[in-house]
Every structure is written in C-alpha cells, then in structure tokens.
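Hello,

Here is the structure we spoke about, with the sequence alongside. My notes on it follow below.

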Amino acid sequence: MKWTKETESASERRWEELYRNRFQHDKRVRTTHGANCTGSCSWEVFVKDGIVSWELQATDYPKLEDSLPPYEPRGCQRGCSFSWYLYSPLRVKHPYIRSVLLDLWRQARSEYSNPVDAWRSLMSDPEKRSRYQQARGKGGLRRASWDEVTELIAASTLHTVKEYGPDRVVGFSPIPAMSQVSYAAGSRFLTLLGGVVMSFYDWYCDLPNASPEIWGEQTDVHESADWFNAKHIAIVGSNLSMTRTPDTHFMAEARHAGTKVTVFSPDFSAVAKYADTWMPLHLGQDGAFWMAVDHVILTEFHSRRQVPFFRDYLQRFTDMPFLVEIEGAGDGPGAKRARSPEAATGDATGGAADDTSAPLRPGRCLRAGRLPGNGSLEHGDWKLLVWDETTGSPRPPKGTIGYRWASGADKGKWNLKMEDGPTGAELRPELSFLDRHDDVLPVEFEAFAEGTTLTRSVPVRYVDTTDGRVAVATVFDLTMAQFGVGRGLPGDYPVTYDDDLPFTPAWQEKYTGIDRRAVVEFAREWAENGEKTKGKNMVIIGAGVNHWYHSNLIYRAAIVSLMLTGSVGVNGGGLA
C-alpha cells in the first residue's frame with residue numbers, strides 16, 4: 001500500500017518540513033498591534049531571522065477580581081493574522097498619485113524652477129484643476145517617488161498659506177493609540193504652521209457628543225469587564241463581535257450568567273446571536289424608541305408609582321431638582337404675563353392664565369446671583385438653585401460649576417454632596433411642585449418631528465429676584481411635560497399609550513417600525529431591573545448610532561433612561 005511505503009521512506013516525508021519550519025523561531029517578543037480598535041491586546045510574537053513567523057495570544061493577564069471572569073482569551077482574527085499584512089505583496093510601500101495630477105505636475109515642474117510657482121500654475125488654470133479633481137474616485141493611481149511627493153505636498157501647502165492664510169490648511173494626525181510619534185509629528189507641524197488641527201474624533205465621527213454635553217467628559221466609560229456585572233444590557237448600534245472582539249467574551253459570559261440582552265440593529269448582526277430580544281429598528285430611529293421608553297418609565301415608575309430608589313437618585317445625582325425660569329411669566333423684564341400668587345387656584349387642574357396670548361417657554365436655569373442679598377456671592381451667576389423643602393426657599397447646592405473654580409470659603413465644595421453651599425446645611429430638594437405650587441402655567445414645547453408646538457401645563461413657584469418676580473419650574477416637572485406625562489394637568493397630553501402624540505409608544509411606531517407593545521414590555525423590564533438591582537442597566541452604544549446627524553440626541557434619549565433608573569455611576573450600569 002502506498003501509505004506504508006511513505007512511512008518507510010524518509011524521502012517521501014519531506015513535506016513535513018514545511019510545518020516544522022513554520023513554527024521554528026529564534027526568539028519570542030511580547031508586543032501588541034497598533035490597530036485602530038485600541039484594544040492593545042497582549043500578544044507573543046515569534047521571530048525567526050528577523051521575520052515574524054507566527055503570533056499567539058498571551059494568557060497571563062492578572063485577574064482583576066474574583067467575581068469576574070479572566071481576561072483571556074484576548075485577541076481577534078485581525079491580530080492573529082497581522083503578520084500576513086506585514087509581508088503581503090498588496091501592502092502599500094510606495095506613494096501613489098492620481099495619473100492626471102502626476103502628469104500635470106511633471107509638466108508644470110518642467111516649466112517652472114520654483115515648485116510653488118508650478119503648483120500655482122495648476123491652481124490658476126480652471127481646466128487643469130478640474131481635470132485632476134474630476135478624476136478622483138476613478139482609480140488611475142501611479143507610483144511616484146518620495147522626493148516628488150514631498151515636494152508637491154510642500155508646494156501646495158505653501159501656496160495655500162500665501163494665497164488664503166495658514167488657517168486654510170486643515171490636517172489630521174493618526175490617533176495617539178496608533179502611534180504617539182506620528183500623532184505628535186503631524187500635530188506639531190500644523191500647530192507651528194498656524195493650521196487647523198482636527199482631532200481624530202472629528203475625522204471619523206467617533207466622539208459621542210452627548211457625553212460632554214451631559215457629563216462634561218468625553219469617553220470615560222467603564223472597563224469592559226464590568227459588562228459582566230450588568231443584569232440588563234441594551235446594545236445599540238454596536239456590533240461587539242466585530243468591533244470589540246477581544247471583549248465580547250465578557251458579554252457572552254454575562255449572558256450565560258443570566259443577564260438579559262436586547263440588541264437594537266436594523267440587520268441581524270453578529271452580536272444579535274447573543275440577544276434574548278432583537279429589535280430591528282428602522283435606520284437612525286433609535287431616538288424615537290428611547291423617547292417612548294422614557295415616557296413609559298416616567299408614567300409608571302415616577303408618576304403612577306414612585307420608586308423610592310429612583311426618586312432619591314434623581315434628587316441627589318441629577319439636575320432634575322434644579323429650577324428653570326419660565327420665560328415670559330412673572331413681572332420681570334420681558335414678562336409676557338403677570339399673575340400674583342394670591343390669584344392662583346392652588347390645584348393641579350387650575351391655572352388658567354390671565355393673558356394667554358403670548359406663549360411661555362422654558363428658559364435658563366435660575367442663578368443664585370439673581371436672588372436679593374446674593375450680589376457678593378462668588379461666581380453667583382454660575383451657581384444654580386434647587387427648592388429646599390426644609391427652608392421653603394431656593395438654595396444653591398454644592399457641586400455646580402460656580403464651585404469648580406471657587407476660592408476662599410467656597411474652596412473644596414465642588415462635590416456631589418446635597419448640601420447648601422453657603423451654610424453647609426443638608427438640603428432636601430423638591431423634585432416636583434405638583435403637590436405644592438403657586439400656579440399652573442401653560443408652557444410651549446417644540447415637537448420637532450411633527451414641525452409643531454405643544455402646550456402643556458406645568459406647576460410653578462414664584463421667586464423674587466433682583467430683576468423682579470419670575471416663575472420657576474423644576475427640571476423634573478418640565479421633563480414630565482416634555483415627555484407627555486400629564487399627571488392630571490391640562491394641555492396637549494396623551495391619555496393612553498395608544499395616542500399618537502410625542503412621545504408615546506404609539507407615536508414611535510411610524511419612525512421605528514417596532515410594535516408599541518414591544519416598547520412597553522422593554523420599558524417595564526428595564527425599570528423593574530433597575531429597581532431590583534439598584535441600577536444595573538447598561539447601554540452599550542457605538543458608531544452605528546454615532547454617525548447619524550443628530551446622534552447626540554439619540555444618545556441622550558438612551559442616557560435619560562439610565563438616569564431615570566439610577567444606573568449611571570453604578571458597577572454593571574451606565575453608558576458603555
């Protein structure tokens with residue numbers, strides 16, 4: 001038999017040397033891949049004669065804590081095949097220029113001794129400029145020398161600076177996670193030139209703008225190992241299996257440990273296989289879904305029933321108790337209507353205006369510096385107010401931006417303690433004026449999706465300021481009105497979830513394609529999990545959402561659901 005002959009003849013087994021040689025190596029090196037995922041996975045790279053022969057995932061990560069699974073295996077298919085890219089014949093090793101531009105440039109250089117003059121001749125000729133610009137996207141790239149390319153780049157840059165100014169040179173460097181040297185070189189060049197340094201966030205739209213808008217930071221999210229601590233995970237516009245491959249095992253392990261997983265994706269993505277529920281939303285309509293979720297949570301867990309944990313969280317860690325001036329109410333400058341507290345009916349269904357011709361709108365937060373006697377308060381225009389139940393008056397709590405750069409007695413008061421800034425006394429901020437108010441005013445809210453406005457009544461108190469008396473409402477009461485939770489107040493409030501008014505489950509159907517019953521079911525599970533686990537709700541959100549024009553609003557709609565369920569700043573909760 002043939003196989004017996006091969007066993008006996010060594011010459012017939014020389015093909016095995018291919019595999020023996022494949023895994024021979026002189027040394028092994030600990031390194032990582034400078035890839036744009038910034039995963040920084042630890043790899044052992046085996047080198048022979050200065051050539052990478054193969055890679056192996058490191059398996060010696062220290063354990064973070066006993067309650068979490070180990071980090072390894074950490075790595076992905078792109079990492080384990082990276083040496084193929086190093087030595088691939090398809091790897092770009094030389095500069096390439098579009099053929100039309102290269103021919104035009106060489107012709108210009110033969111006519112002009114000064115490279116800047118040569119480039120100016122191309123830019124001043126509409127026909128030549130149009131020829132190379134219209135060739136973009138059609139291929140036709142030709143190899144050129146480094147000297148030729150660097151001269152062309154330098155000439156075009158100098159021409160732009162002389163003709164239009166240095167601020168018309170806009171550049172982008174590789175992200176620091178790719179190469180700190182490359183990043184510094186490009187940034188330094190543009191800075192010294194006087195050009196515009198774009199961040200890597202600008203370049204590929206990777207910055208979730210909602211984070212600095214809400215928290216004042218960029219992407220300070222928790223370590224991916226914390227996914228395991230979550231008890232309900234909503235994955236929104238993020239395909240973890242593709243983009244967070246080294247970390248996905250934490251999500252799979254959380255799923256195995258009993259965590260509920262809901263995936264929001266218009267396609268059945270790779271990560272959808274982990275899901276208990278798949279929500280195939282219409283493209284870019286995630287915001288409508290989350291607004292309806294917030295409507296249900298506010299209705300059932302903050303109005304019909306008030307969850308003590310949620311209420312305490314909102315009072316201490318969010319802006320919900322802060323006072324917002326109602327523009328046009330009171331008798332201050334620019335008031336469109338005036339009404340004395342004595343004229344108020346005092347009940348939640350009253351409050352018909354003396355003058356309803358001019359609409360009232362939410363304005364700015366009321367500042368401590370506007371209260372009588374607070375003129376000498378340091379940074380008083382940057383210290384916001386809550387209504388303190390104990391004193392029955394507006395008070396400035398510690399931690400607002402006015403305490404950020406405080407000096408003297410106010411130094412050290414930039415914290416999350418719900419205490420009166422000037423006195424240090426404990427504050428008990430009122431979340432809502434629904435039960436105790438001076439008036440109920442009709443306030444206009446924009447319904448941008450419908451291109452119209454809605455008038456919804458809001459309970460208010462009157463405050464005497466140095467500019468006169470103004471009406472104020474809490475952020476919580478304005479949020480209730482914005483989301484259409486009536487609580488017995490008059491106005492354009494929906495009566496049931498089936499009313500097609502912003503932001504009901506029925507309203508979102510026409511945008512998302514998701515049945516209203518699915519929204520209600522998800523919102524109840526989300527809130528119930530938050531109540532039982534003390535905030536272990538997590539939203540893992542990514543570029544699938546972030547690249548939409550109003551992505552910050554989609555993010556914020558989801559973040560509101562986290563705040564309403566006490567989930568931000570909690571292990572196993574928050575925005576990931």
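F23 is partly exposed, with a relative accessible area of 44%. The model is predicted, so please read this value and the ones that follow as computed from a prediction. F23 forms an aromatic pair with W54, and the geometry is edge-to-face: the centres are 5.1 Å apart and the planes stand at 85°. F23 sits in the loop between helix 2 and strand 1 (27-31), while W54 belongs to strand 3 (residues 51-57), so the contact ties together parts that are 31 residues apart in sequence. W54 has a relative accessibility of 17% and counts as buried, because the cut-off for buried is under 20%.

A second edge-to-face pair is made by Y71 and F250, with 5.3 Å centre to centre and 85° between the planes. Y71 is in the loop between strand 3 and helix 3 (77-80) and F250 is in helix 13 (residues 248-256), so this pair ties together parts that are 179 residues apart in sequence. Both rings are buried: Y71 has a relative accessibility of 13%, and F250 is at 0%.

The count of aromatic pairs comes to 23. Ring pairs also link F264, F289, W290, F522 and W526 into a cluster.

On the surface there is a nonpolar patch formed by W15, L18 and Y19, which together have about 410 Å² of accessible area. Of these residues, L18 lies in helix 2 (residues 17-22). L18 has a relative accessible area of 58% and is classed as exposed, because exposed means over 50%.

Next, the sheet. Five strands form an open sheet in the order 12-11-17-16-15, with antiparallel pairing. At its edges are strand 12 (361-365) and strand 15 (439-447), each of which pairs on one side only. Neighbouring strands of this sheet are turned by 50° against each other on average, direction ignored.

Within the sheet, strand 11 (residues 323-327) and strand 17 (residues 468-474) pair in the antiparallel sense over three bridges. V324 stands opposite A473 in strand 17. As background, strands of a sheet pair through backbone hydrogen bonds, either parallel or antiparallel.

Regards

Key:
Residues numbered from 1 in each chain as written. Predicted model: local features only at pLDDT ≥ 70, side-chain atom pairs only at ≥ 80, totals over all residues. Heavy atoms only, no water. Pairing = 2+ DSSP bridges. Helix = DSSP H or I, 4+ residues; strand = E, 2+ residues; numbered from the N terminus. Axes fitted to C-alpha atoms, helices over the stretch in contact; angles between N-to-C directions. Patch = residues over 30% accessible without salt bridge, like charges linked within 9 Å, V, L, I, M, F, W, Y side chains within 5 Å. Areas by Shrake-Rupley, 256 points an atom, 1.4 Å probe, with all protein chains shown as cover. Salt bridge = Lys/Arg side-chain N within 4 Å of Asp/Glu carboxyl O. Buried < 20%, exposed > 50% of the residue type's maximum accessible area, 1.4 Å probe, protein only. Phe/Tyr/Trp six-rings, centres within 6.5 Å; stacked < 30°, edge-to-face > 60°.
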